[in-house]
Number of protein chains: 2
Amino acid sequence: MDTNEKLSVLKWISQEYYELNGTRYETMDRLPSSLEFSKIVRVASPIPDATKSWSDDFLISRSGTRPISIAVTPNGRADAVTGGLDGLEYFAEPHTEQITMENFLSKISSGARDAHPEICYLQSQNGNVFSSDGSQESEFEAFKSQIPEDLPWCSEALDSTPDAVNLWIGDQRSVTSIHSDPYENIYTVVRGSKTFTLLPPTEGWCLAERTYPHAQYKRTEPYSRLTLVPSQGTAPIRWSSVADPNLPGALNAEAHPMEITVGPGESLYLPAGWWHYVRQSGVTIAVNYWYDLESRGSSWVWLNLLRGSAEPPSSTGALTAEDSS
Amino acid sequence: MDTNEKLSVLKWISQEYYELNGTRYETMDRLPSSLEFSKIVRVASPIPDATKSWSDDFLISRSGTRPISIAVTPNGRADAVTGGLDGLEYFAEPHTEQITMENFLSKISSGARDAHPEICYLQSQNGNVFSSDGSQESEFEAFKSQIPEDLPWCSEALDSTPDAVNLWIGDQRSVTSIHSDPYENIYTVVRGSKTFTLLPPTEGWCLAERTYPHAQYKRTEPYSRLTLVPSQGTAPIRWSSVADPNLPGALNAEAHPMEITVGPGESLYLPAGWWHYVRQSGVTIAVNYWYDLESRGSSWVWLNLLRGSAEPPSSTGALTAEDSS
C-alpha cells in the first residue's frame, strides 16, 4: 500500500470525524466528578476548567538558591524544527542550564527582556515536580505542598495516578511546536495565559510529518553564543513540518484547527493524541498532569493508525505501547 | 484503493488490537457502579454479570390470551443466510405469527419438540417490552412490572436511557447468525443459558461479508409449510457469509473468537460493534437493553472503518450515524 492509498484512508477518517464532531468543545465552570470525567475521556474532546496566582516573590522565596534546569534557545523554539548552520533542517533540542529561580525570572520579567536575547523556558517536563518512578529528587521540592500530587477526579476515572506532574514557567517569546503525546493531559494555568491551537488525532495527516536529524543548542565556551550542533548517534526524529499552524496557508485546507485560551485558574483537558501548538501571554506559569493512555481496548491502535501518514503504521515512527504487552 | 489494500489496513488494525488485548474478558460477581461501568465502556471488552427464574406457569398466567409475535422458521435460522428454492442464497427473515404464550410454550417445551418441525422464537427485538419512542403498545405489558425500564448504572454511565428493551424466549433449535449492532448491549439471562461466540470489531474482515437478496418465509395457505419467498423492492442485505463460526475452518485462521456462556441471573455487556453468534441451551429466556452508541468522538468512525472490508467505507453497506449530524 503506497502513501497515496494510506492518505485516502486517513482523509476518509478525518472527514467522517469532522462531520460528526465539528470543532466542538465544552466548557465547565467547576471540576467534573470522576463519573463525569470518565464520560468525557470516552468522548475525548478538549475541555477547559483554579489556583491562586504565584508571584515572583513567592517563587523566589520558595526556591532560594536551589539550581533549576532551564531550557535556553536563541529563538524561543525548544523541541522544534530549525535550520542549522549547514542549511539543513534539524529537530533542535534546547541547551539546558542550571540557574536559580531569581536569575531565571530576571530573564523573563518584562523589563529585562531586551537585555537577554536568549530565551529561557522552564519546561523540563520529566515529571519535574512529581514522577511515577520517584527515583529522582525534584528541583521543586519546595513547591510540592502547593501542587496536588494527583487529581482525584481524574485518577479515579482513569484508574491510575499521574505518570508525571510538571511545572512550566515562561513568557510569550517561547512557543511549543505542534505535536501530540500518547498521554491524557490536564493542563492548569496558574498565572498568565496559554493559547492552544488544537487539531484532533484524525487530522495528523494535515501536519506533514517528516523525519529530521537531531541537533542540540550548545555553547562552545561558557559565555559564548548558542550554536546548533548536529547530534552523533541519535536517531532521527519524526516531527510536523508545520512551523506555525496559525499562519495563512500553513495547514492543509482540509484541517479544522480549534483555538482555546486557558487563563489563570483554568484547566484544559487535552485528550491523548490531540495535536497542540502553544503560545503564552506574558509570564505564564502552569502545571500539567500526564496520565498514561488506556492500554486496553482500541485507543493505541486507533492513534497508531492515525499517525501512519508518513510512514508505514508499523514503523518505528509510529506510537508504540511500550509496557502494555 | 482496491479491496486488497483496504484489507491490508484492516489486517494491520486487527493484529495490533489482538496484540494489546488478546481474548481477555472480565467477570464481575456484582453489578458495576456507574463510574465502573463508564470505564468498562471506554475499554469496550465484554463482561458477563440476576433475576429469578420465570416458570412456564408464570409466563402463561401473566400473558393470558394476549397474542404475541413469534418468529417461525423451518430451520431455527431467523435473519440468516439461507439457500432458496432457486439455488440462490438469500438473507432470510422469519415468518411472524401471533399466537398465545401458552401455544408458543407448547411448541418449545422439551416433550413437544418432535411434534413441531417448525421452530418458534420470540425475538421481535423492536423494543417489545419498552421502546424509546413509546408509540407502540407492548405485547408484554403484563411483564413490565417484572422488568426494569432501564439499568441505572448503565443509563448514568452512558447519559441516556435504553433505545429498546426486548424479551427473548426460545430453545436450543434457534440460533442467531453472526452479526454486529451499533448499540451498547446488556444481555441478561433469566432462565436457561446462552453461549456467545464473540469477535472484536477489528476482526470483521474475517467474517467475509457479502450482499444477499432479501427473502422471507411465508405460507401460501394458512396451514401450509413455510416457503422462502424472494422480496420485491427490498434492498439487498450485507451479512456475514460464515454460517457457523464454530465449525472447523469456518473462520479465517487469523480470527480470535471468544466463547462466553451466560447463565440464569447473569448479564453480558456486549460492546457496540462486537460480532456475536448465539446459541441456547434448553428453553432460554433473556432480556436485553440496547443503548445508542455514543455519537460524539471517534466511535462511529472507528466502527465504520472496520466494516469497510467488503465495500468502500462510505458505501451504503457501512454503518451510518443516522441522527447525529
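**Exercise 1.** How many salt bridges are counted between chain B and chain A?

*Solution.* Begin with the conventions: this is a predicted model in which local features need pLDDT of at least 70 and side-chain atom pairs count only at pLDDT 80 or more, while totals for chains, interfaces and linings use all residues. Residues are numbered from 1 along each chain as its sequence is written, chains are lettered from A in the order in which they are written, and side-chain values use heavy atoms, with hydrogens and water left out. Next, apply the criterion, a side-chain nitrogen of Lys or Arg within 4 Å of a carboxyl oxygen of Asp or Glu; the count between chain B and chain A is zero.

**Exercise 2.** Describe the area buried between chain B and chain A, and name the three residues of chain B that supply the most of its share.

*Solution.* Buried area is the accessible area (1.4 Å probe) that two parts lose on being put together, summed over both. Here this area is about 3600 Å², and carbon and sulfur atoms give 65% of it. Within chain B, the residues B:Trp12, B:Leu20 and B:Arg42 supply 20% of the area that the chain buries against chain A, more than any other three residues.

**Exercise 3.** Determine how many residues of each chain are in contact across the interface.

*Solution.* With contact taken as heavy atoms within 4.5 Å, 37 residues of chain B are found in contact with 37 residues of chain A.
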